[in-house]
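Biologist: Could you take me through one part of this protein slowly, as if I were new to reading structures? I would like a close look at the aromatic residues and what surrounds them.

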Amino acid sequence: MKKKVLTTDDLYNGWLVKYHGITVQELLEKEPELCKTSEWYKKYAVTTEQYDEWYKWAIKEIQKFYHCSKKTAIRNFAFDYLNVSPSIKDEPDN
């Protein structure tokens, strides 16, 4: 059976599962207090390369689920982007 809707949990899981091996549901069960704050974004941060990879994946998922152009997907994703995108790890200065 095909999915009907792309949820914010799907977009969260796009980076949580791939880079940290945990789903949103597991995170809520294991660390409910952490999930009430924005600190979990820092704990589960990704590298710049991982972030870029996730963003491209998210745009393609939006295009696939809503049958829209890349331009439309980018424009519409702007509304949810700030809520579902991962934090980027602080990288040490070289």
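Modeller: Here is a walk from the whole protein to its aromatic residues and their surroundings. Please keep in mind that this is a predicted model.

Let's begin with the overall picture. The protein has six helices and zero strands, so if you trace the chain from start to end you meet the pattern α-α-α-α-α-α. Its C-alpha atoms fill a box of roughly 40 × 35 × 20 Å along the principal axes. Of the 94 residues, 33% are buried. The accessible surface comes to about 6700 Å², and carbon and sulfur atoms account for 53% of it. Among the contacts with a separation of 6 or more, 63% join residues 24 or more positions apart.

Now to the inside. The largest nonpolar core has 24 residues, and those with the most contacts inside it are Tyr12, Trp15, Leu16, Trp40, Tyr44, Trp54 and Phe77. Helices α1, α2 (24-30), α4, α5 and α6 each supply at least two residues of this core. The one that gives the most is α5, with six residues.

Next come the rings themselves. A pair of aromatic rings is described by the distance of the centres and the angle of the planes. The structure holds 10 aromatic pairs. Take Trp15 and Trp40: their ring centres are 5.8 Å apart and their planes are at 5°, so this pair is stacked. Trp15 is in helix α1 and Trp40 in helix α4 (residues 39-43), 25 residues apart, so the pair links distant parts of the chain. Are these two residues buried or exposed? Trp15 has a relative accessibility of 0%, and therefore counts as buried. Trp40 is buried too, with a relative accessible area of 8%.

Trp15 has another stacked partner, Tyr41, with 6.4 Å from centre to centre and 25° between the planes. Trp15 lies in helix α1 and Tyr41 in helix α4, so this pair ties together parts that are 26 residues apart in sequence. Tyr41 is buried, as is Trp15.

There is also a ring cluster to find: ring pairs link Tyr51, Trp54, Tyr55, Phe77 and Tyr81. Within that cluster, Trp54 is a good residue to click on. Which residues does Trp54 touch, if you set aside those up to four places away in sequence? They are Leu11, Gly14, Trp15, Tyr19, Phe77, Tyr81, Val84, Ser85 and Pro86.

Phe77 brings us to helix α6, which covers residues 70-84 and has a kink of about 55° centred on Ala78. Ala73, Phe77 and Val84 are buried in α6. The helices that the buried residues of α6 pack against are α1 (8-20) and α5 (48-66).

Just follow the chain onward to Ser85, which is found in the segment after α6. Ser85 has a relative accessible area of 10%, so it is buried. Leaving out residues up to four places away in sequence, Ser85 touches Trp15, Tyr41, Tyr51 and Trp54. A polar atom of the Ser85 side chain also lies 3.0 Å from the backbone oxygen of Tyr81. As for Tyr55, it is 30 residues from Ser85 in sequence, and the two C-alpha atoms are 7.9 Å apart in space.

To finish, let's visit the beginning of the chain. Val5 lies in the segment before α1. With a relative accessible area of 47%, Val5 is partly exposed. Apart from its neighbours within four places in sequence, Val5 is in contact with Asp10, Phe65 and Tyr66. Val5 and Thr47 are 42 residues apart in sequence, and their C-alpha atoms are 28 Å apart in space. Asp10, one of the contacts of Val5, has its place in helix α1. At 18% relative accessibility, Asp10 counts as buried, because the cut-off is under 20%. A polar atom of the Asp10 side chain lies 2.9 Å from the backbone nitrogen of Thr7.

Conventions. Residues are numbered from 1 along each chain as its sequence is written. This is a predicted model: local features need pLDDT of at least 70, side-chain atom pairs count only at pLDDT 80 or more; totals for chains, interfaces and linings use all residues. Side-chain values use heavy atoms; hydrogens and water are left out. The bend at a residue is the angle between axes fitted to the seven residues ending there and the seven starting there. Helices (H or I, at least four residues) and strands (E, at least two) are DSSP runs, numbered from the N terminus. Buried means under 20% relative accessible area, exposed over 50%, partly exposed in between (1.4 Å probe, protein chains only). Contact means heavy atoms within 4.5 Å. Rings of Phe, Tyr and Trp (its six-membered ring) pair if their centres lie within 6.5 Å; planes under 30 degrees apart count as stacked, over 60 as edge-to-face and the rest as tilted. A polar contact is a pair of N or O atoms within 3.5 Å; within protein, one must be able to donate a hydrogen and the other to accept it, and residues adjacent in sequence count only if both atoms are side-chain atoms. A nonpolar core is a set of buried Ala, Val, Leu, Ile, Met, Phe, Trp, Tyr and Cys residues joined through side-chain atoms within 4.5 Å. Accessible areas come from the Shrake-Rupley method with a 1.4 Å probe; for residues, only the protein chains shown count as cover.
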